[in-house]
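Work through the following exercises with the sequence and the 3D structure at hand, and try each task before you read its solution.

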Amino acid sequence: MESVKQVELTINDRKMKVAAGTTVFQAADKAGIFIPHFCYHPDLTIAGCCRMCLVEIKGMPKLAISCNTPVSEGMVVQTESPKVKDAVKAVLELQLINHPLDCPICDKAGECRLQDNYARYDLQASRMQYEKGHKPKVMDLGPLVLDAERCVLCARCVRFTAEVTKTNELAIYNRGDRSTVGTYNNQPFTNHYTGNLADMCPVGGLTAKDFRFQMRVWFLQKVQSVCTLCARGCNTLVSVNQSRMQLYRIEPRRNPSVNKSWMCDTGRWDYHYVYDNSRIKTPVRHEDGRLVEKPWLEWLTETKEGVNRDPKGVLIAISTQATNEEIVDCVQGLRALGVENFCWIVDEAVVGETQPYDGVLRHRDLTANASGFLKLALGLQIERYHYADVKKLFEQGRLKQVLILGLEGKVGAWVSSFMAAIPRDVEVTVHATNVSPYFESARWWIPNVSSFEKSGTVVNALGRVQKLQAVIPPQHTARNIHEIVLGLAQGHDRISLPKAHAENLFEAHVSARLLGRPVNWRELDPLGENLASEGVA
């Protein structure tokens, strides 16, 4: 493999080497040197229209934009010289001539680049003595709201719809100080990635209705996690208010190998199922056509008796929304009770698809860990987990009890087809976050935690192991699969304190939960190096 040619240059008296073809902006960013900018974005083409990233290059008569200037051997660059600061200050003054003073009511306040750059480079009173120019405000574009007065015409949003989604909804209309960003005839957006426009907007020109006027950003803590609503596993930043312990916003976290800087609107805005009225709050049993709330102890006792009576007649159906740790614990723990039959809950027709069906990010597999289940099935020696195998067991009349574990959010039609295949004389328990019409035939509904209420790892469609991080406590009386397996193993509802050197697998899980950390599934045989070699994102 040919080595990439290196170029040596100096930025702010610091010598460095970068690959040939790198721009001055990228070289400075790699060295941790800040250059102000509006229009530059690492995952979009270069526009060079904001004129904020000006730098002084020795030997050049004028300042140059760093975002579109390639490095050269021996180049000497200054990003903080008086000449550069005066130019940036002048550009900011031009931007602020007609910019409205909306900061007290703008959702971008606290993470606005115009605010930040003004505080760093400008800090002067306005010399504008006339009424500011006015443009359309509060324009409804579907999931977003456009405020043309706040827009700095960086064209990030225009490039995104042209280059990423290829839907071309946005354009810049008119000229000069009358220029505005908008859609044709103010029509709403039609793509599935509109939330990214609010993320990349450096000011409050485009804001998302879902987060609009909900919470000030300085009251939010951002936690790194991954999206679990499809097999892509987009890296995310989950914003939660610690005093209320409530979710407020999901944003993409840049990972060039997985999702770049983007995520779809489904993963961004479908988190509301966590607080939906359909959330299962406590175990519920069907009795004479009625739904009766029951304590966890009653379900554990009844299910434990069934397992003890006929463990080979029990089928454990594990949703591929479960984490690797939950799958390992479930299989190993219930095998210790004599259970032999395990299968997965997933749309088998789409498992294994590594490329998004829309050419951007969206996968047809709406679960996060089908790839992880396949790898674990190999290590745990689960052989008959496909629907065809399970159907044969039903036809033979060998199964008397089915536990469907780990369902989350809005379940798909693949759950309906599985439920329809279960004979009427088989007792079914569904462990899920939310009620669904598909569960009508189940005897028990028991509450599951959401992906925001548990930690662990999942494997995306690309085979990449990624970390899932809990950001809020379990809602209502929800329990994860670890706690369910522990309860069935103990046969009661009490959780004992962990021992100093717990050898029991279940006690190790209790210890991990009390310490507020996920179980290290690599230590749980039989995986060995099978998944560890993939690398953790």
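**Exercise 1. Aromatic rings**

Find which residues ring pairs link into a cluster with Trp344, and then describe the pair formed by Tyr387 and Phe418.

Solution. In this predicted model, the cluster held together by ring pairs consists of Trp344, Phe373 and Tyr385. The next step is the count, which comes to 8 aromatic pairs. One of them joins Tyr387 and Phe418, whose ring centres are 5.7 Å apart and whose planes make an angle of 45°. Because an angle under 30 degrees would count as stacked and one over 60 as edge-to-face, this pair is described as tilted. Tyr387 belongs to helix H10 (residues 387-396) and Phe418 to helix H11 (residues 413-420), so the pair ties together parts that lie 31 residues apart in sequence. As a last step, look at accessibility: Tyr387 is buried with a relative accessible area of 18%, and Phe418 is buried with a value of 5%.

**Exercise 2. A charge over a ring**

Determine over which ring the charged end of Arg249 sits.

Solution. Start from the charged end of Arg249 and look for the ring beneath: the ring is that of Phe211, and its centre is 4.5 Å away.

**Exercise 3. Cysteines**

Work out how many disulfides the model contains, and explain the result for Cys39.

Solution. A disulfide is a covalent bond between the sulfur atoms of two cysteines. For Cys39, the closest cysteine sulfur is in Cys50, at 3.6 Å, and this is too far for a bond, because the sulfur atoms would have to lie within 2.5 Å. Cys39 is also buried, at 2% relative accessibility. Cys330 is likewise in no disulfide, since the nearest cysteine sulfur, in Cys343, is 10 Å away, and Cys330 is buried at 0% relative accessibility. The count for the model is 0 disulfides.

**Exercise 4. A small set of strands**

Give the strand order of the open sheet of 3 strands, and find which strands stand at its edges.

Solution. Strands of a sheet pair through backbone hydrogen bonds, either parallel or antiparallel. Here the order is E6-E7-E10, and the pairing is antiparallel. The edges are formed by strand E6 (139-140) and strand E10 (206-208), each of which has a single partner strand, so one side of each is left without a neighbour in the sheet. To check one pairing in detail, follow E6 along strand E7 (residues 144-146), where the two pair in the antiparallel sense over 2 bridges; Asp140 stands opposite Val145 in E7.

Technical notes. Residues numbered from 1 in each chain as written. Predicted model: local features only at pLDDT ≥ 70, side-chain atom pairs only at ≥ 80, totals over all residues. Heavy atoms only, no water. Phe/Tyr/Trp six-rings, centres within 6.5 Å; stacked < 30°, edge-to-face > 60°. Helix = DSSP H or I, 4+ residues; strand = E, 2+ residues; numbered from the N terminus. Buried < 20%, exposed > 50% of the residue type's maximum accessible area, 1.4 Å probe, protein only. Lys NZ or Arg CZ within 6 Å of the ring centre and 35° of its normal. Pairing = 2+ DSSP bridges.
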